[in-house]
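Hi,

Here's the structure I promised to pass on. Have a look, and my notes follow below.

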Amino acid sequence: FGSSRTRRQRQWCWWRGAMAQPPDPPPAPGGATAIADAEADPPTPVAIVARLAVRQAYRRAAGQAKQRAVLLLGGYRPKFQALDRHFGVHGKQAVMVDPRVAPNADVLVDFLDAHGISVEYAVPLIDAAVCIADILNTRLRGLANDPATSSLRRDKYEQQEALRRAGLPAAAQRSATRAEEAVRFLAEAVEGRGSDVGGCSGEEEAPTRVVVKPRDSSGGDGICLCRSEAEIRASFERELGRVNMEGGTNKDLIVMEALEGEEWVVNTVSLLGVHKVTDAWRGPPKVVLEGEGGAQFVYTAQFLAEEHPRRAAVLEYTFACLDALGVQNGAAHTELIWTALGPRLLEVNARPAGGLPRTPRSPNQLEALAMSLYDADRFLSLPIVPAGAAADDGHGEGQSAAVVFLRAPFNGYILGTALQQIVSLRTFGRFERDAIGLVRFAEAAPGAGPPPPPSPVAALAVVRTTSLFTSPGAVVLLGAAATVEEDAEAIRAIEAIAYSETYPAEDVVFN
């Protein structure tokens, strides 16, 4: 392994190091576990093998057993708790680990072994954990996606190229390490040489606006809409070489045609290549926020997709994309655009959707994921596609949903009075993301005792919204379709007067 010492000397050195640090005892059973600490200097493969052997002997001598668990890589506590409940239905326990504790699968195995954890299955909850989950699941000889094709599920440039190789419609694009390459891409597009640009087919109009974005980030991070050479150059100067939100370094950037149209999101779970849709959403295009050096995209709203001719075409195209990218097992979150020529892929994220499930139906994506791993027959009996959003039956009993992303126009505060107005909407379900702690207390059921005391709602500090990560939060609406749409519009009206540049000292209300 790059050392002049003999194998026996290397083994002895690392063996002594492992012996000098007895393993930690297994965590106490009876609840989900979150682990976040890590070593400053990752061990070598030789050290890992020695450590595993020593710990195994130590546990055997002490009569200890490792805790078997489903490994959740990344995410945040509410999702962790939800998945732990769903796996608990099948008698399984979950542990959550920040994937940043380990640079590769070997180090992660060593880290988990030191904490007395034996992994049954690895679930990536963030994009940065997809590749390491593929490796772990393959080594476990269970349900896995091929690590040899992990880049297709992680790299947004490779995704479009894989679609093209599979004969599927894909966006025109180019990978660029210099702004000049991206400028040339735009110039060729404007001149109408679309068939020569990034694989654009002859029937497609050449793009006149381009999007510059990282290969492997998320949440709109680093994405810029450019319409001129100056904007492209400013975008490259800002983004090239930067460490993005997923922890990757932007060594090059994608420049691709700007897809325009209605936005779709499809959440799926797959088992041995059989794809099941748990929920599908449609909504208006993202808001284009103008700024120096190009414009940015800001999330607006998504509605549970009703039965619609486009829905069938979107889902058929989504399944083809999942096949082309090697998604055979596990959850996926696919984002698409309905263009003048039909559906086109923005990206496939081979992990569950970012927030908690928003569909009012069961099983949701997290339930279906646990079912696919531990109750395969029941999973395979599920319909391929669930019913669409139900129309209002005249009694307000329709089953629909929406998520509305709040947008702060400047740095400052969102007023407590505005938050209270949102909470008071007829279809208010919950807040998500930064506003996740804000909930509405329901009235106590008859015979259940008095309702809990009211909760104060004070102004929250916000920053100007330029991406998903800078949104003040999201509002989930649940109820009749028509009422959900009305409340979504009401939220925008409330937001028009919801923000203040200074903290309102008397702005505290009770819900």
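A quick definition first: the expected span of a helix is 1.5 Å times one less than its number of residues. Helices (H or I, at least four residues) and strands (E, at least two) are DSSP runs, numbered from the N terminus. Helix α2 (residues 45–62) has 18 residues, so at 1.5 Å a residue it should span 26 Å, and its end C-alpha atoms are indeed 26 Å apart. Among the residues of α2 that are buried (under 20% relative accessible area, 1.4 Å probe, protein chains only) are Val46, Ile48, Val54 and Arg59. Gly63 comes right after α2 and has a positive phi, near 70 degrees.

Some housekeeping: this is a predicted model, where local features need pLDDT of at least 70, side-chain atom pairs count only at 80 or more, and totals for chains, interfaces and linings use all residues. Residues are numbered from 1 along each chain as its sequence is written, and side-chain values use heavy atoms, without hydrogens or water.

Mean pLDDT (the predictor's confidence in each residue, from 0 to 100) is 83 for the protein, with 81% of residues at 70 or more. Residues 193–202 fall below 50, though beyond near neighbours in sequence this stretch has 18 contacts (heavy atoms within 4.5 Å) in the model.

Then there's the open sheet: eight strands, antiparallel pairing, order β15-β14-β9-β10-β13-β16-β21-β18. Strands pair if DSSP finds at least two bridges between them. β15 (342–349) and β18 (428–432) are the edges, each pairing on one side only. Strands β16 (residues 400–405) and β21 (residues 474–479) share six bridges, and Ala402 has Leu477 in β21 as its bridge partner.

Cheers

Methods: Buried means under 20% relative accessible area, exposed over 50%, partly exposed in between (1.4 Å probe, protein chains only).
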